[in-house]
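Open the model in your viewer and keep the selection tool ready. The tour goes stop by stop.

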Amino acid sequence: SPSGLSGNLAIQDGRDNLYIYNLDSSELRFLTTGYDPAISPDGTQVAFNRGDGANNGIYVINLDGSEEQKIWGEGEILRSPKWSPDGKSIVFSRLAGSWKCYDLGFLGCKTFKQLLGDFPFLVVPELARQFLDDVDRLEIPNWGITRVNADGSGGFRDISALDTAVAPDWNEAGIVYQSSAGINITDDPDGPETRSVIAEDWDHDPDWQPNGGFVLFMSKEGSHWEIWRITPDGGGLTALTRPVTTLVDELPSNVAPAWSYDGRHIVYLSSRRDDEDNGPGRLGVLGEGGGVMTRYGVAGTWPVSGTVTKPPGLAETNVFP
């Protein structure tokens, strides 16, 4: 195994197979089929989802592949399960109806409430009719975030969030998620107000450092994606990955960042080849020192969750030899 690394990574390949990669032994072991695996805080179980007919649901399975259990199967399109810090609950996103908006082309699709904020003159009925007369109104699938008990005993509760809430991640300071309004933070109890972290377009897949530290996310920059870090209050915006050169046929992307449970390391997927051009996805780890990416490993896999430890001073390491 790579020097200094220990623990396990849960990964998914392009055929929706889930694997456990042991960093101590370099063993890659098939676990089950599904999507979006997430290892429990104590490292003994993996949560994941399936979305095909009667199998639709949120599942947990022991790390050794035993005792697979569907813990929730009601509702359409359940995705992106993540564990609570104490391991007793699981948060996930689910299809929660739809919402209607006006298609304004490059300005995006806006609800009437958003239009009133952007164009106050629409409060005059005649002006509103003229402005919206030829604008198409679209019906958009809406997503919400929900929690259930990890042992399958119920505990269903919707969590306060903005429209199109997806990709939640839960730690001791709250729940971060992605929405049509950017990246936001909310809490588990009923009734809290959600607050904005960053409200830019194309900021996706947030992952929050344990104990309320930095929020990771991936952001689209033209044709490619890069990984960024920001504080929960929206400060300290920092690019953790950048193109090494633009003199390539196609710029590679760096996506799907996830913190280790000790908050010292980041696993992610890069399509950067050794010659800096775009290629197949390979896993890598960034250490406390950050740094740019070098080489990664097995193509066609990407990180979703893991427990990784290594001593400080190693800025980055190949996960696979």
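Start with enclosed space: a search of the whole structure, a predicted model, finds 1 cavity of 30 Å³ or more. Its volume is about 50 Å³.

**Stop 1: the cavity lining.** Select E226, R242, P243, V244 and T245, then add L251, P252, N254, R272 and E276; these residues line the largest cavity. Colour them by class. You should get 4 nonpolar, 2 polar and 4 charged residues. Keep R272 and E276 labelled, as both belong to this lining and both come up again at the next stops.

**Stop 2: strand β22.** Select residues 266-272, which make up strand β22. Is this strand enclosed or open? 7 of its 7 residues are buried, so β22 is largely enclosed by the rest of the structure. Now show the side chains. I266, Y268, S270 and R272 point one way from β22. V267, L269 and S271 point the other way. Residues on both faces are buried. R272, from the cavity lining, is thus a residue to view in both selections.

**Stop 3: the partners of β22.** Add strand β21, residues 254-259. β21 and β22 pair in the antiparallel sense over 4 bridges. To find the register, look at A258, which stands opposite V267 in β22. The two strands form a hairpin with 6 residues between them. In that turn, click G263: its phi is positive, about 70°.

Next add strand β23, residues 278-286. This pairing with β22 is also antiparallel, and it runs over 6 bridges. Here Y268 stands opposite G284 in β23. The hairpin of β22 and β23 has 5 residues between the strands. E276 takes a positive phi in this hairpin, near 75°. E276 also lines the largest cavity.

**Stop 4: a four-stranded sheet.** Clear the selection and pick β4, β5, β6 and β7. These 4 strands form an open sheet, in the order β4-β5-β6-β7, with antiparallel pairing. Which strands stand at the edges? They are β4 (35-39) and β7 (69-72). Each has a single partner strand, so one side of each is left without a neighbour in the sheet. Turn the view to look across the strands: neighbours are turned by 30° against each other on average, direction ignored.

Zoom in on β5 (residues 45-50) and β6 (residues 57-62). They pair in the antiparallel sense over 6 bridges. Select F48 and Y59 together; Y59, in β6, is the bridge partner of F48.

**Stop 5: D169.** Jump to strand β13, residues 166-171, where D169 lies. Is D169 buried or exposed? Its relative accessibility is 7%, so D169 counts as buried. Draw a distance from its side chain to W208. A polar atom of the D169 side chain lies 2.7 Å from the backbone nitrogen of W208.

**Stop 6: the largest pocket.** Keep W208 in view, then select T164, S179, S180, A181 and D201. Of the 24 residues that line the largest pocket, these five lie nearest its centre. The space in this pocket is about 650 Å³. Which elements give two or more residues to the lining? They are β9 (89-103), β10 (109-110), β11 (137-149), β14 (174-179) and β17 (203-208). Finish by colouring the lining by class: 11 residues are nonpolar, 8 polar and 5 charged.

Technical notes:
Residues are numbered from 1 along each chain as its sequence is written. This is a predicted model: local features need pLDDT of at least 70, side-chain atom pairs count only at pLDDT 80 or more; totals for chains, interfaces and linings use all residues. Side-chain values use heavy atoms; hydrogens and water are left out. On a 1 Å grid over the protein atoms alone, a cavity is a set of points where a 1.4 Å probe fits but cannot get out, and a pocket is an open set with protein on both sides within 12 Å along at least five of seven lines; lining residues have an atom within 4 Å of a point. Grid points are joined across faces, edges and corners, and a volume is the space filled by probe spheres set on the points. Ala, Val, Leu, Ile, Met, Phe, Trp, Tyr, Cys and Pro count as nonpolar, Asp, Glu, Lys and Arg as charged, and the others, Gly among them, as polar. Two strands pair if DSSP finds at least two bridges between them. Axes are lines fitted to C-alpha atoms, for helices over the stretch in contact, and angles run from 0 to 180 degrees between N-to-C directions. Buried means under 20% relative accessible area, exposed over 50%, partly exposed in between (1.4 Å probe, protein chains only). A polar contact is a pair of N or O atoms within 3.5 Å; within protein, one must be able to donate a hydrogen and the other to accept it, and residues adjacent in sequence count only if both atoms are side-chain atoms.
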